[in-house]
Amino acid sequence: TECVSGCMCPDGLVLDGSGGCIPKDQCPCVHGGHFYKPGETIKVDCNTCTCNKRQWNCTDKPCKGTCTVYGNGHYMSFDGEKFDFLGDCDYILAQDFCPNNMDAGTFRIVIQNNACGKSRSICSLKITLIFEVCLEWVITKEFEIRLLEGRIQEIATDPGAEKNYKVDLRGGYIVIETNQGMNFMWDQKTTVVVHVAPSFQGKVCGLCGDFDGRSRNDFTTRGQSMEMSIQEFGNSWKITSTCSNINMTDLCADQPFKSALGQKHCSIIKSNIFEACHSKVNPIPYYESCVSDFCGCDSVGDCECFCTSVAAYSRSCSRAGICINWRTPAICPVFCDYYN
């Protein structure tokens, strides 16, 4: 009805947000708060997504599952569910001896937390891996690997049987790979990473979940019921029922000074050092875990607790395609020359 000052695009074109006009099919795609031009690609897990006419077209390859345990009982399941669970018992972390697996089971991973003296934090893990090989569905060969404080003990029911796995030392990690596609990594402290091939999808169970692509059913107990309480879910995966249940407590509640010190150290996770990763992986859960673990450690273990939490976030960033060079001679150094 009257003249209005400003700019507008000719018919068939739209503003590009930078003062120019473009055809609608040249509009960008958005992922993680970033804009991508048509034809640009990004990696999401093991798939590639291409921007086309404002929409992402992604490949549909099945990806491997990754479950991570670190620090003071922090878990991330195969399907990406994050939760905290702490206990003094032996627990089934992951296995394929499950009701929903119609095939013969091949592996079981059992972990036990070792506390730091009288403190309320975990210093190391005791881990047992059990492998079974069925020959013609009749004869079962069993291998057991016990890991504790860097020691590797292998036990076989039949010493002459052919192993279906291999054990390797890579840097500071003990790595165990099976022929069926289960890979296990342990930093010889409190971090465990379990990878399973896509063929295990929907066939595993334990604290790491069932790897069916849905995180909402990850808290399925050993009795196949859905549990709202994380403590009840975790306790259902105990190997023995004689040990006591432990309730999670706020480790920083009665230590304000230590909490403030932890917030100062752990702020590196939210700093510009990891800025490139913030839009890919939410830093807040890792920051909160870092502060909590810092409060739980005694003065000797402060650095170790802090480094473990920051390394966990760095690993998640790496899986999202963002590699952060955050370690320095003053911050959580790793002596690569020694390991090499």
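Trainee: Let me get one term straight: buried means under 20% relative accessible area, exposed means over 50%, and partly exposed is in between, with a 1.4 Å probe and protein chains only. What share of the 340 residues in the protein is buried?

Mentor: Buried residues account for 43% of the 340. Keep in mind that this is a predicted model, where local features need pLDDT of at least 70 and side-chain atom pairs count only at pLDDT 80 or more, while totals for chains, interfaces and linings use all residues. Residues are numbered from 1 along each chain as its sequence is written, and side-chain values use heavy atoms, with hydrogens and water left out.

Trainee: Got it. How many helices and strands are there?

Mentor: The protein has 6 helices and 19 strands. These are DSSP runs numbered from the N terminus: helices are H or I with at least four residues, strands are E with at least two.

Trainee: And how much accessible surface does the protein have?

Mentor: About 18,700 Å², and 52% of that belongs to carbon and sulfur atoms. Those areas come from the Shrake-Rupley method with a 1.4 Å probe, and for residues only the protein chains shown count as cover.

Trainee: What about contacts between residues at least 6 apart in sequence: what percentage join residues at least 24 apart?

Mentor: That comes to 47%. A contact here means heavy atoms within 4.5 Å.

Trainee: Let's zoom in on a strand. Which way do the side chains of β18 point?

Mentor: They alternate along residues 182–186. M182, F184 and W186 are buried and point to one face, whereas N183 and M185 point to the other face and are not buried.

Trainee: Which strands does β18 pair with?

Mentor: One partner is β17, residues 173–178, in the antiparallel sense over 4 bridges. Another is β19, residues 192–196, also antiparallel, with 5 bridges to β18. To count as paired, two strands need at least two bridges found by DSSP.

Trainee: Which residue in β18 is the bridge partner of V175?

Mentor: That's M185. On the β19 side, W186 has V192 as its bridge partner.

Trainee: What do the turns look like, and which residues there have a positive phi?

Mentor: β17 and β18 make a hairpin with 3 residues between them, and G181 in that turn has a positive phi of about 105°. The β18 and β19 hairpin has 5 residues in between, with Q188 at a positive phi of about 70°.

Trainee: New topic: how many disulfides does the structure hold?

Mentor: There are 9, where a disulfide is a pair of cysteine sulfur atoms within 2.5 Å. One of them joins C46 to C63, S to S 2.1 Å. The torsion about that S-S bond is about -90°, so the link is left-handed. C46 sits in the loop between β5 (41–44) and β6 (47–52), and C63 in the loop between β7 (55–58) and β8 (65–70), so the pair ties together parts 17 residues apart in sequence.

Trainee: Are those two cysteines buried or exposed?

Mentor: C46 counts as partly exposed at 23% relative accessibility, while C63 counts as buried at 18%.

Trainee: What does C67 bond to?

Mentor: C67 is joined to C208, S to S 2.0 Å. The link is left-handed, with -75° about the S-S bond. Distant parts of the chain meet here: C67 is in strand β8 and C208 is in the loop between β19 and α1 (230–235), 141 residues apart. Both cysteines are buried.

Trainee: Where's the partner of C307?

Mentor: C307 forms a disulfide with C332, their sulfur atoms 2.0 Å apart. A torsion of about -90° about the bond makes this disulfide left-handed. C307 lies in helix α5 and C332 in the loop between α5 and α6 (336–339), so parts 25 residues apart in sequence are tied together.

Trainee: What about C27, which is in no disulfide?

Mentor: The nearest cysteine sulfur, that of C29, is 9.2 Å from C27. C27 counts as buried, at 14% relative accessibility.

Trainee: And why does C323 have no bond to C317?

Mentor: C317 has the closest cysteine sulfur, but 9.5 Å is too far for a bond. C323 is exposed, with a relative accessible area of 75%.

Trainee: Last one: where is C297?

Mentor: C297 is in the loop between α4 (284–296) and α5 (302–319), and is buried at 5% relative accessible area. C297 and N72 are 225 residues apart in sequence, yet 9.3 Å apart in space, C-alpha to C-alpha.
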